[in-house]
Amino acid sequence: MHPVRDAQTRSVSGLDMATRSGWGFAPLARAADRVRTLLPGDKTRGNSSLLRNGYALMANTVVTGLLGLAYWLLAARHYHTADVGRASAAYSAMNLLAGITALSLIGAMARFIPQSGGTTGRLIRLGYGVSVLSAIIGSVIFLTIAGRPGSSYSELAGVRAGLIFVAAVIIWSLFTLQDGVLVGLRNANWVTLENALFGVAKIAMLVPLATLIPHTGIYVSWLVPAALAVPAVNLLIFRKLLPRHADKSAGITPPSRRQVGRFLAGDVSGSLMLLATVSLVPVLVALNVAPGTNAYFYMAWTIGTTIDLLGANMALSLTVEGAFDPVRLAGYAKAALRRIMMILVPVVAGTALLAPWILGLFGPGYAHYGAPILVLLATATLPRTWTEIYLGALRAQNRTSFVALVQGARAVLILGLTVVLTKTMGIFGAGVAVGVSQLVIAMAVTPGLLKVLRGGRGSGGRPAVRQPLRAHHGPVEVRRGAA
């Protein structure tokens, strides 16, 4: 991947002419200068690893998103709508419970694996252990409050169903966290391959199981491939990738327990807030609507959150590269923001225009009830990406307390509005809640993001301190090119 200098073809000439003409007054001039700081050609070398990992993660999102779309399309065609609704509700609960710890630790893996050297293996194993324990505790608590008659979780009642659900959440937590390990090891390309194989495998099992076990086939089709993927991927991590990483990072002083603890203190709470906005919303909907209605909402939610992940993936890559080379964080942030917006704007526009047709592939009910929700969710992706780039920069600076503050405010807004609007507007209210909340938070973080893009201190933070990686290994760009 070449450095980001092809973005020289930018359209600031109109702003230049406006400020030079008779109607170029001071506020417009200041606005032009501010926009110009976001759009100039990137003069920072060494962005290849940032974009390579970011594009790899986005490729993973696209591949898994398309495979997921095909999977649920086949499910909608071969399974009853109520079975699709129950399965999607269980899938939402798995994502929520597995992510309570796994998602919280992904940020720590991305932040500290690059600097852990010989202690990386111990860090990974500790993360896995904590994730499994959290999955068990969270599943038991969830089973005690879910499963009431009439909801999409009614079939989780009973000991046998409960034990199977707990095992599924454990598998899913490890399956989720190992992707963060691969990103921290700067091998995000393996994430794409892993999830592509997983997507193909579950699709291959889905249709035959519709005949063999039509009521539970959807559950089995995704749990079996995940259970096989966990040991296979970790064999790759511990046998191949980890020794290579140890060689490259030899001599680096690993982070202290205090550093890791301070990071987690802010990032875990912040990640839980993020999890609430991504995984708790569909669970809240599933708890309050019938399985058939939940199926309509979940298909729109799945497509919308897939688009959402494109920006989050670039932000995660920004965190990794910013941790390696903090001095260039502003340049990395500009490159990440420019490239992701170039991708997202046409994707969002196309999704909004084609929403009725896309969901119409699942059936007329999906198009009628789900298309308006998908339009709102796709549009909300743009302000959310603006926020995510800012949060990625904050994580690279270890300013996780502010990350927690931003994500907490966003979670309170989204969840509060979801509860209120779903009762008054039905499932469409959840889409309105997300769209309004993402816009409000993006506006609130704009001053801080502009400071990051200008290379300033940022709101309430300390200036980044260069890590000792260069002193040990020479130019980072060379190491990235060989990774």
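## Buried charges and nonpolar cores

R384 is buried, with just 5% relative accessible area. That makes R384 a nice place to start a tour of this structure, which is a predicted model.

### A charged network

R384 doesn't sit there without a partner: its side chain meets that of E388 in a salt bridge, with N and O 3.4 Å apart. Both residues belong to helix α12, which covers residues 364-396, and they are four residues apart, or about one turn of the helix. E388 is buried too, at 3% relative accessibility. Why does E388 count as buried? Because 3% falls under the 20% cut-off for relative accessible area.

E388 has another partner as well. It forms a salt bridge with R410, and here the closest N and O atoms are 2.8 Å apart. E388 lies in helix α12 while R410 lies in helix α13 (residues 400-425), so this pair ties together parts that are 22 residues apart in sequence. Is R410 buried or exposed? Like E388, R410 is buried. Now put the pieces together: salt bridges with shared partners join D308, R384, E388 and R410 into one network.

### A pair in helix α4

How many salt bridges turn up when the whole structure is searched? The search finds four. One of the salt bridges is between the side chains of R86 and D83, at 2.8 Å from N to O. These two are three residues apart in helix α4 (residues 81-112), so about one helical turn separates them. R86 counts as buried at 16% relative accessibility, and D83 is buried as well, with 12%.

Here are the salt bridges described so far, side by side.

| Pair | N to O distance | Where the residues lie |
|---|---|---|
| R86 and D83 | 2.8 Å | helix α4 |
| E388 and R384 | 3.4 Å | helix α12 |
| E388 and R410 | 2.8 Å | helix α12 and helix α13 |

### Nonpolar cores and a patch

Let's turn from charged side chains to nonpolar ones. In soluble globular proteins, nonpolar side chains tend to be buried together. In this model, the largest nonpolar core has 91 residues, and the ones with the most contacts inside it are W72, Y153, I218 and W222. Which helix gives the most to this core? That's α4, with 14 residues. Apart from this core lies another one, made of 30 residues, including L318, A336, L391 and V452.

There are nonpolar residues on the surface, too. L133, I136, I137, V140 and I141 make a nonpolar surface patch of about 440 Å². I137, for one, has its place in helix α5 (residues 120-145) and counts as partly exposed, at 46% relative accessibility.

### Two more stops

Back in helix α13 you'll find T422, which counts as buried at 17% relative accessibility. A polar atom of the T422 side chain lies 2.6 Å from the backbone oxygen of T418. If you leave aside the neighbours within four places in sequence, T422 is in contact with L417, G429 and A430.

Last up is K334, whose place is in helix α11 (residues 329-360). K334 counts as partly exposed, with 23% relative accessibility. How far apart are K334 and R454 in sequence and in space? They are 120 residues apart along the sequence, but 8.9 Å apart in space, going from C-alpha to C-alpha.

Notes. Residues are numbered from 1 along each chain as its sequence is written. This is a predicted model: local features need pLDDT of at least 70, side-chain atom pairs count only at pLDDT 80 or more; totals for chains, interfaces and linings use all residues. Side-chain values use heavy atoms; hydrogens and water are left out. Buried means under 20% relative accessible area, exposed over 50%, partly exposed in between (1.4 Å probe, protein chains only). Patches are made of residues with over 30% relative accessible area and no salt bridge: like charges are joined within 9 Å, nonpolar side chains (Val, Leu, Ile, Met, Phe, Trp, Tyr) within 5 Å. Accessible areas come from the Shrake-Rupley method with a 1.4 Å probe; for residues, only the protein chains shown count as cover. A nonpolar core is a set of buried Ala, Val, Leu, Ile, Met, Phe, Trp, Tyr and Cys residues joined through side-chain atoms within 4.5 Å. A polar contact is a pair of N or O atoms within 3.5 Å; within protein, one must be able to donate a hydrogen and the other to accept it, and residues adjacent in sequence count only if both atoms are side-chain atoms. Contact means heavy atoms within 4.5 Å.
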